[in-house]
Amino acid sequence: MFSPELKKGSMDLLILSILTEGERHGYAIGQAIEELSEGRIEFRISTLYQTLYRMERKGWISGRWIEKSGERRRCAYALTDEGRTILTRRLKSWHEFTATINKIVGLTHA
Amino acid sequence: MPDWKEIIRENLPLPEMTGLRAERIIGELTDHLEEAFQKYRARGSSDSEAMQQVLDRMGDWREFVDELLKEEYRHTRSRTDIAFERAEQSIRRRGGFAASIADTWQDIRHALRTIRRNPAFSLTAIATLTLGIGGVIIIFSLINAVLIRPLPFPESERLVLLLETGASGNAMTMSYVNFRDWQERNRSFEEMGCWNETEFNLTGLGVPSVVTAIPTTASLFRTLGIEPELGRTFLEEEDRVGGNPVTVLTWDFWQNRLGGDPAAVGSTLILNGIPHTVIGVMPRTFAFPPDNDRRDLFLPIGQAAPYLGGRTSHPGIYAIGRLAEGVTPEQARSDMDAVTASLEADYPDELEGHGAYMRDLQEFVARRADDPLWQLLAAVGLLLIIACSNVATLLLAQTTARQSEIALRSTLGAGRGRLVRLLLVRSVTLWLAGGLLGIALAVVVIRSASPLWADLLPRTFAVTIDARAVVVALGLALVTGVLFGLAPALLTAFRDPASILRSGAGSSAGVTRRRLQKGLIVAEVGLAVALLAGTGQMVRSLSRLTTADLGLEPAGVLAGEISLPPMRYPEESRQLAFFTNLRESIASQPGIGAAAVCRSLPLSGSGWQMNFFVAGAPEPAPGEVSWTEINVVSADYFTVMGIALLQGRFITAEDVTDARPVAVVDELVVAEHWPDENPIGQRISFSWPAEESDLFEVVGVVRHVFARGPIDATLPEIYAPLSTASPDHAWLTVQADLPAHEVADLIREQVQMLDPDQPVKEIVQLTDLARTTTRQSRFVTLLLVIFASAALMLTSIGIYGVMSYLTAERSYEIGVRIALGARRGHVLGSVIGQGLRTVAVGAGFGIALAILFGLLLRSQLFQIATVSPVTIIGAAIGMGAVAAAATWIPARRSTRVDPITVLKTT
């Protein structure tokens with residue numbers, strides 16, 4: 001389990017990454033994060049939706065109602081162009097950040 | 001499976017968001033929670049375990065709502081809001097007491113948000129409380145000014161009012177000579193002063209006018225402990241016969257008549273033709289006598305000593321003493337008993353039974369007002385309880401709607417204490433808002449009403465909202481807020497949270513809540529019935545008062561008061577000639593029915609009381625001497641006043657011209673002295689033993705006049721010809737069919753023709769005077785009518801609210817019954833019946849309460865029974881009718897709906 005601050009800081013990045021694989025509804029996004037992290041990252045439901053609504057307002061993702069036959073109406077989220085740009089920028093800085101940290105940590109513990 | 005949508009709706013109050021947006025949030029969350037629930041169920045959890053797990057995953061609802069709304073209103077959030085939040089978070093991190101303050105602060109902010117989010121509910125509640133608390137504060141401010149706040153004199157608790165008592169033990173105003181002896185002989189008062197009131201003609205300052213003057217001893221100002229604003233007050237050598245004519249002005253007179261010119265001190269005013277030097281001006285806040293702030297100036301009383309009479313003359317003098325340091329009122333009383341006993345020993349003929357009356361000055365000033373004020377406070381207190389009950393019923397309905405949220409909070413670990421506090425903070429916030437607005441309401445009402453009640457109560461000029469009133473308002477708001485908020489809060493917080501989440505509203509707490517709501521309605525109806533019945537009694541009493549037979553016909557009678565200054569009218573013959581000429585010249589004008597002159601005008605408060613004796617009867621024992629009201633009148637007096645002749649004849653013009661020793665007595669004199677004899681030809685005197693020349697022969701009997709209005713009893717009355725007493729001061733009375741202002745002009749014109757320097761004081765209509773005798777009663781009744789109307793309105797709103805709520809709860813049942821074929825009329829009847837049963841219990845309780853309230857009002861009731869079944873049952877029926885209407889509207893609405901719709905949506 002990771003500390004809440006760590007999770008909160010990386011929430012935007014996780015959601016944007018998940019959505020690169022196609023549009024998903026809220027529950028599915030949460031499930032995907034849980035599964036991919038093998039249950040090590042879990043969010044409060046309220047936090048998940050707060051983040052989704054904030055990202056939507058900023059224009060990084062967009063939600064729309066879709067209805068499939070035999071299924072109920074759901075709101076699915078997809079990445080916008082701006083979201084992709086943000087994701088690219090965030091990934092870049094994330095890699096740089098982790099690389100730097102690893103370097104320092106690796107050096108001291110080598 | 002739990003109804004997730006319903007749980008979410010109840011916990012996410014999002015009315016500020018557009019419908020679509022709120023719908024989407026609720027829809028998405030519902031999906032999410034349902035799927036999560038299914039997932040946990042599939043993993044083998046029971047329903048309630050799965051539910052608990054879902055709720056654990058959900059997180060803090062309140063934080064979520066706050067975040068959503070913050071996001072929605074990001075641009076409208078002020079810097080202070082953000083600063084508050086930051087401060088709150090940093091305090092909470094420190095833990096302990098600071099954290100609990102932060103929690104309370106958070107509760108308050110939450111309460112304010114809740115209040116903002118339900119504007120209709122909040123406005124109704126706050127307006128209701130404003131009315132209730134504002135009403136109490138208005139009456140409290142009157143009580144505060146009249147009864148509580150000390151009189152504005154230094155160490156005023158040491159001031160006592162002093163009067164003489166006669167052989168009968170009744171208090172009467174003082175003799176000037178006796179006062180001077182008291183002043184000299186007592187050993188328990190630091191200072192003693194006395195005063196009476198009179199009027200002077202002021203000339204040389206614009207049109208001649210009449211000023212109200214207070215002749216006082218030089219010691220009065222020292223007794224009160226008040227220094228003048230400008231100049232000085234009287235010296236002892238000015239306060240005796242032959243002293244320099246000087247005067248001290250009140251602030252208002254100095255401002256209004258002399259323009260506040262500091263050079264006024266040292267200038268001269270012509271009073272009754274004599275130049276008086278102005279030596280001082282009293283401070284703005286100085287009101288004297290203490291119940292009145294409308295006097296013009298002060299004069300040294302000692303200069304008028306020869307006109308004030310001897311030991312048995314009581315020319316309206318009141319005295320005030322300041323108790324010496326360390327002397328108790330009891331010690332002062334026994335000292336005064338010794339003083340009066342020594343005076344009685346020195347002057348046994350004149351002062352038989354002489355004694356002193358002593359009373360705390362403030363109590364004396366408030367003596368006529370305390371009863372009605374406490375009664376009004378009781379009435380407005382009932383109104384406040386009704387208002388609070390009303391808001392409590394609204395809160396009960398609201399808390400039911402919030403029960404699921406509360407249950408969630410407690411599932412999520414919020415302690416019950418914290419929950420109760422959260423709910424209490426909300427109700428107290430509402431009540432405090434009502435308290436603050438109530439203060440504002442009181443300020444507005446007091447400001448606009450002060451001219452209306454100026455003459456109705458003593459010291460109304462001192463009515464203000466002071467710190468004490470503010471503390472009372474907020475304290476009252478706090479106490480009633482906790483009292484009336486507690487039941488809804490406890491009822492909501494102390495429920496088994498799981499049972500609410502499973503079943504939604506309803507169940508056993510629903511029963512308790514409905515009982516409470518009905519209980520509050522019972523209380524409201526009961527209190528309203530009591531208030532209505534009390535008001536009904538006062539209205540009936542007032543109608544008796546205004547139609548009471550006073551023994552005279554005030555309609556069409558005008559009177560003007562005229563004082564002839566002794567400088568210009570030194571001899572009685574000239575005074576008499578002036579009034580006789582005036583009467584004749586006015587009576588001869590077209591449109592005038594009759595004109596007369598009298599010494600005392602009925603209903604004006606003026607009067608003259610004397611002992612009288614029947615010639616030939618044995619000498620009465622001390623204490624059994626008869627007292628009578630004496631009036632000297634011209635011819636036609638009885639005709640002008642419409643006083644009926646019962647026997648013999650009236651006083652004629654010849655009686656006056658020849659100063660014949662004749663008298664007309666009223667029926668009370670006859671009943672007391674000659675119940676079985678012919679009163680005509682009997683002889684009476686005003687002294688004992690009487691010389692032949694002191695005797696008056698009774699020539700007529702007239703009806704008794706209630707000269708102080710219908711409430712206060714008056715002594716029997718004897719009338720003698722105008723010329724038998726010195727008529728330096730008298731009333732001209734006129735009976736005419738002309739409009740009042742024409743008659744008034746005519747009177748002024750005729751007076752000016754006779755003597756251009758002679759003013760006439762304000763000319764009054766007798767009907768107005770008759771009305772003023774009942775004004776306190778009208779004031780109390782008017783306020784009660786306002787309070788009772790407000791109570792009726794609030795109670796019907798309360799009944800309407802609770803009935804709407806209860807029928808909405810029953811809408812499913814009603815729908816089923818109608819769907820199964822029940823006749824709408826029948827269902828309607830059963831719903832109304834449910835409401836009216838509650839109202840009937842309240843009305844029964846109200847009847848008992850009305851009897852108590854009636855007893856409280858007893859001192860105000862005139863010629864009607866204290867407990868009047870007709871009024872009380874009338875009030876109960878009236879309340880019942882209004883309640884029936886308030887029940888009928890929601891009941892009819894509930895049975896009008898399409899049963900299919902109801903069944904679908906429930």
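**Exercise 1.** Into which domains is chain B divided?

*Solution.* In this predicted model, chain B is divided into domain 1 (4-77), domain 2 (167-353), domain 3 (370-547 + 775-905) and domain 4 (569-756). As a next step one can relate two of these domains in space: the C-alpha centres of domain 2 of chain B and domain 4 of chain B are 30 Å apart.

**Exercise 2.** Describe the side of chain B that touches chain A, first by residue count, then by element and class.

*Solution.* Begin with the contacts, where 14 residues of chain B meet 13 residues of chain A. The elements giving two or more residues to this side of chain B are α2 (19-42), α3 (47-58) and α4 (61-72) of chain B, and α2(B) gives the most, with 6 residues. Sorted by class, the side of chain B that touches chain A holds 9 charged, 3 nonpolar and 2 polar residues.

**Exercise 3.** Locate the largest nonpolar core, and explain why it lies between two domains of chain B.

*Solution.* Among the 129 residues of the largest nonpolar core, those that touch the most other members are B:L383, B:V529, B:L531 and B:A791. Helix α13 (residues 370-411) of chain B supplies the largest share of this core, 16 residues. Because domain 2 (167-353) and domain 3 (370-547 + 775-905) of chain B both give residues to this core, it lies between them.

To examine one member, take B:L531, which, leaving aside residues up to four places away in sequence, touches B:A379, B:L382, B:L383, B:F787, B:A788 and B:A791. Another core, of 62 residues, lies apart from the largest one, and its members include B:F612, B:V633, B:W731 and B:L746.

Notes: Residues are numbered from 1 along each chain as its sequence is written. Chains are lettered from A and ligands numbered from 1 in the order in which they are written. This is a predicted model: local features need pLDDT of at least 70, side-chain atom pairs count only at pLDDT 80 or more; totals for chains, interfaces and linings use all residues. Two residues are in contact if their C-beta atoms, placed from the backbone, lie within 7 Å. Helices (H or I, at least four residues) and strands (E, at least two) are DSSP runs, numbered from the N terminus. Ala, Val, Leu, Ile, Met, Phe, Trp, Tyr, Cys and Pro count as nonpolar, Asp, Glu, Lys and Arg as charged, and the others, Gly among them, as polar. Domain bounds come from an automatic or database domain assignment. A nonpolar core is a set of buried Ala, Val, Leu, Ile, Met, Phe, Trp, Tyr and Cys residues joined through C-beta atoms within 7 Å. A residue is buried if 20 or more other C-beta atoms lie within 10 Å of its own, exposed if 12 or fewer, and partly exposed in between; C-beta atoms are placed from the backbone.
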